[in-house]
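Here is a friendly briefing to read with the model open beside you. Take a look at the structure below, then walk through the notes topic by topic.

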Amino acid sequence: MNGTTTSRILAGVSVPDTPLVQQALEYARRECEPYLFNHVVRSWLFAARLGQLSNIDHDAEVVAVGTLLHDITLNERFDGPRRFEVEGADLARTFSRQGGVDERRAQLIWDSVALNSTPSIGLYKEAEVALCTAGICLDVVGLKYETIPAAEISRIVGEFPRLEMKRRMTRCICHIAQTHPETTYDNFARDFGERFVPGYRAPSSVDAVANAPFEE
């Protein structure tokens with residue numbers, strides 16, 4: 001955590017308490033359904049705790065903003081034209097710049113949001129991006145679930161309950177796959193389209209390579 005950053009205890013976890021973090025919390029509360037707001041807060045708390053338990057040097061304010069804003073476009077209002085993570089990353093970067101964040105930190109926040117559902121990349125980037133990715137993935141699929149003591153996870157979930165997140169998130173992702181399939185072909189939403197959306201058919205990368213406009 002930055003040396004001048006004040007902190008508070010939230011669901012048993014020490015987190016930064018700055019005007020920027022407070023503004024990010026309000027932004028997330030305004031843009032997210034209750035189940036999704038609880039998800040982004042849990043993701044933040046899990047990310048913070050993973051960093052603390054592993055003694056990872058990181059910018060805690062960047063992790064807070066990145067996790068809190070990572071799903072602000074995951075909703076049935078989504079209108080593209082790019083994948084929801086990229087649209088959200090642009091909004092998060094604009095928010096950060098308006099809050100006085102310098103370009104390096106704003107880029108870390110952009111990466112954290114844009115890569116939030118791509119752990120095969122996000123987990124291997126800067127500490128802030130990796131922690132955001134890990135906290136989000138812990139809450140969605142249980143990645144590194146055993147790293148945080150069970151009592152701590154129970155307290156976090158108790159204070160920010162899941163509110164049928166699996167069902168609600170699946171419905172939301174399927175809506176995006178149905179209404180804007182072109183934004184889902186190269187990301188995890190494709191799996192939901194193929195499993196649940198009638199008529200959904202993603203183009204093949206094999207065909208894209210084979211049909212490239214070159215002789216060989």
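**Loops, core and fold**

P81 sits in the loop that links helix 3 to helix 4, where helices (H or I, at least four residues) and strands (E, at least two) are DSSP runs numbered from the N terminus. The peptide bond leading from G80 into P81 is cis, with omega near 5°. Please keep in mind that this is a predicted model, in which local features need pLDDT of at least 70, side-chain atom pairs count only at pLDDT 80 or more, and totals for chains, interfaces and linings use all residues. Residues are numbered from 1 along each chain as its sequence is written, and side-chain values use heavy atoms, with hydrogens and water left out.

**Overall fold**

- The protein chain contains 11 helices and two strands, and along the sequence these run β-β-α-α-α-α-α-α-α-α-α-α-α.
- With a radius of gyration of 18 Å, close to the 17 Å from the globule rule for 216 residues, the protein chain is as compact as a globular protein of that length; the radius is taken over C-alpha atoms, and the rule is 2.2 Å times the number of residues to the power 0.38.
- Along the principal axes, the C-alpha atoms of the protein chain fill a box of roughly 60 × 35 × 30 Å.
- Contact means heavy atoms within 4.5 Å; among contacts in the protein chain between residues at least 6 apart in sequence, 62% join residues at least 24 apart.

**Surface and charge**

- Buried residues account for 50% of the 216 residues in the protein chain, with buried meaning under 20% relative accessible area, exposed over 50%, and partly exposed in between (1.4 Å probe, protein chains only).
- About 10,900 Å² of the protein chain is exposed, and carbon and sulfur atoms supply 52% of that area; accessible areas come from the Shrake-Rupley method with a 1.4 Å probe, and for residues only the protein chains shown count as cover.
- The protein chain carries 23 positive and 30 negative side chains, and the centres of the two sets lie 6 Å apart.
- For that tally, Lys and Arg count as positive and Asp and Glu as negative, while His and the chain ends are not counted; each charge is placed at NZ of Lys, CZ of Arg, CG of Asp or CD of Glu.

**Nonpolar cores**

- A nonpolar core is a set of buried Ala, Val, Leu, Ile, Met, Phe, Trp, Tyr and Cys residues joined through side-chain atoms within 4.5 Å.
- The largest one has 59 residues, of which V41, W44, L45, L68, L69 and L74 touch the most other members.
- Helix 2 (residues 34-53) gives this core its largest share, 11 residues.
- A second, separate core has five residues, among them A177, V197, Y200 and A202.
- Leaving out residues up to four places away in sequence, L68 touches V21, A24, L25, A28, V40, V41 and W44.

**Helix 3, under cover**

- Helix 3 (residues 60-68) is mostly covered, with nine of its nine residues buried.
- Those buried residues of helix 3 include the charged-type residue E61 as well as V62, V63 and L68.
- Their cover includes strand 2 (13-16), helix 1 (19-31), helix 2, helix 4 (84-98), helix 5 (103-114) and helix 7 (127-141).**Positive phi outside glycine**

- N55, in the loop between helix 2 and helix 3, has a positive phi near 55° although it is a residue other than glycine.
- N55 is exposed, at a relative accessible area of 70%.
- K144, in the loop between helix 7 and helix 8 (150-159), is not a glycine either, yet its phi is positive at about 60°.
- K144 counts as partly exposed, at 44% relative accessibility.

**Other residues to look up**

- F188 lies in the loop between helix 9 (165-179) and helix 10 (189-196) and is partly exposed, with a relative accessible area of 26%.
- Not counting residues up to four places away in sequence, F188 touches F84, E85, S117 and I173.
- F188 and I173 are 15 residues apart in sequence and 9.4 Å apart in space, C-alpha to C-alpha.
- P198 belongs to the loop between helix 10 and helix 11 (205-210) and is exposed, with a relative accessible area of 75%.
- R8 is part of strand 1 (residues 7-10) and counts as partly exposed at 31% relative accessibility.
- R8 touches V13, S14, V15, D17 and L25, not counting residues up to four places away in sequence.
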